[in-house]
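Colleague: I've got the model open and I'd like to know what backs up the labels. Can you walk me through them?

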Amino acid sequence: MGKKPNLTGLSRFLPQDFLNSNATSLSEKPQNQSRSAKKCKTETHVPVRTKYDATALVPHYTTTHEVPENLQKYFSQRKRYFSLYDQGCLLDEEGWYSVTPENIAVQIADRCRCDTILDPFCGVGGNAIAFAKTCEHVIALDISPTRLALARHNAAIYGVADRIEFILADYISFANAYLSRPHSTRNIDVVFLSPPWGGPGYISTSENNVSADSNADFQDELEAHSQYSLSRIQPIHGADLFRLTKRISDNIAYFLPRNTDLNEISALGLLEKDEGVTPDDKPRMIEVEEEWMGSKLKALTCYFGGLVAGQEHVF
Ligand code: MGP
């Protein structure tokens, strides 16, 4: 880590610390302290239960024996994904393996406080629901009509559906349309990128999933040696996705696999300079936050621009 000049030390998020203090960072830097008050939503949100029923689209599993074998390990973590799961939260297959656990989504949303946030790969809504509590306006995109309906259904259960603008769209087309808009259109302050990583096999060295019956030691060894390349991100190379997004906002939170090659993350920061868009000569830092659930590292969130602790002035 220390050899990459634009990466700051890892923050670590542990759910038990979260419960005690709402957020813990090893760097001990207070979050969002100098960000303009205008950008920080402070009022308490009163949930509004609206009706939106997508129950016809996918089953709501209640017992393990109803769940397909490949989804059982996710079903056993259902309350971590949605604490209100029992009230009828719905997930499709991709949702089950890619939704952000609720505690982690809340932590990320706390750091992303702003007026308008874009969540262009919203999936079944885990992050968008958390953003609705810290941002004035959430724009949630997904290319799948089913997942978008499930996201709205889940947001209604959490009482925040009215705070989210759900748009059925492909992000690349949306971004290009947004960038060619007249300047009077609403500005997007923060973009949260949580794209498809190429399926649950992202952790293995090969593009293919490791068979379910591989023994645990073999799995651990494979994980220890595999590094995830941004080239596996969909729908386009992860570096290109970042480059496109930077044209919308400098304030980006990028949710990536825990085994992502840190050199590739560091190189994203250098794109700014190569393209001559850095207004000063100071190197911009990237903050990499490890997202833990108990003793298990789940993912990394990489913060850019004004979301980086100590860099709030560029927000
Ligand atoms: P995981 O490693 O597949 O799950 O994903 P888990 O339960 O840690 O499995 P284990 O066998 O390693 O114990 C860990 C987390 O990464 C998930 O909870 C999701 O939040 C996130 N995640 C996983 N996938 C495959 C994706 C993806 O394709 N896109 C995004 N944005 N997040 C994903």
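**Helix H7 and the ligand**

Modeller: Start with the buried residues of H7, which are Arg147, Leu148, Ala149, Leu150, Ala151, His153, Asn154, Ala155, Ala156 and Ile157. This is a predicted model, so local features need pLDDT of at least 70 and side-chain atom pairs 80 or more, while totals for chains, interfaces and linings use all residues. Residues are numbered from 1 along each chain as its sequence is written, and side-chain values use heavy atoms, leaving out hydrogens and water.

Colleague: Why is H7 called largely enclosed?

Modeller: Buried means under 20% relative accessible area (1.4 Å probe, protein chains only), with exposed over 50% and partly exposed in between. In H7, 10 of the 13 residues are buried, so the rest of the structure largely encloses this helix. The cover includes H4, helix H6 (126–131), strand S3 (135–142) and strand S4 (164–168), with contact meaning heavy atoms within 4.5 Å.

Colleague: What makes H7 a helix (DSSP run of H or I, at least four residues), and how does its span compare with the 18 Å expected?

Modeller: The expected span is 1.5 Å times one less than the number of residues. H7 has 13 residues (145–157), and its end C-alpha atoms are 19 Å apart, which agrees with 18 Å.

Colleague: What makes Ser194 a polar contact of the ligand?

Modeller: The cut-off is a pair of N or O atoms within 3.5 Å. A polar side-chain atom of Ser194 is 2.6 Å from a ligand nitrogen atom. For Pro195, a backbone N or O atom lies 3.0 Å from a nitrogen atom of the ligand.

Definitions and conventions: Polar contact = N/O pair within 3.5 Å; in protein donor to acceptor, adjacent residues only side chain to side chain. Helix = DSSP H or I, 4+ residues; strand = E, 2+ residues; numbered from the N terminus.
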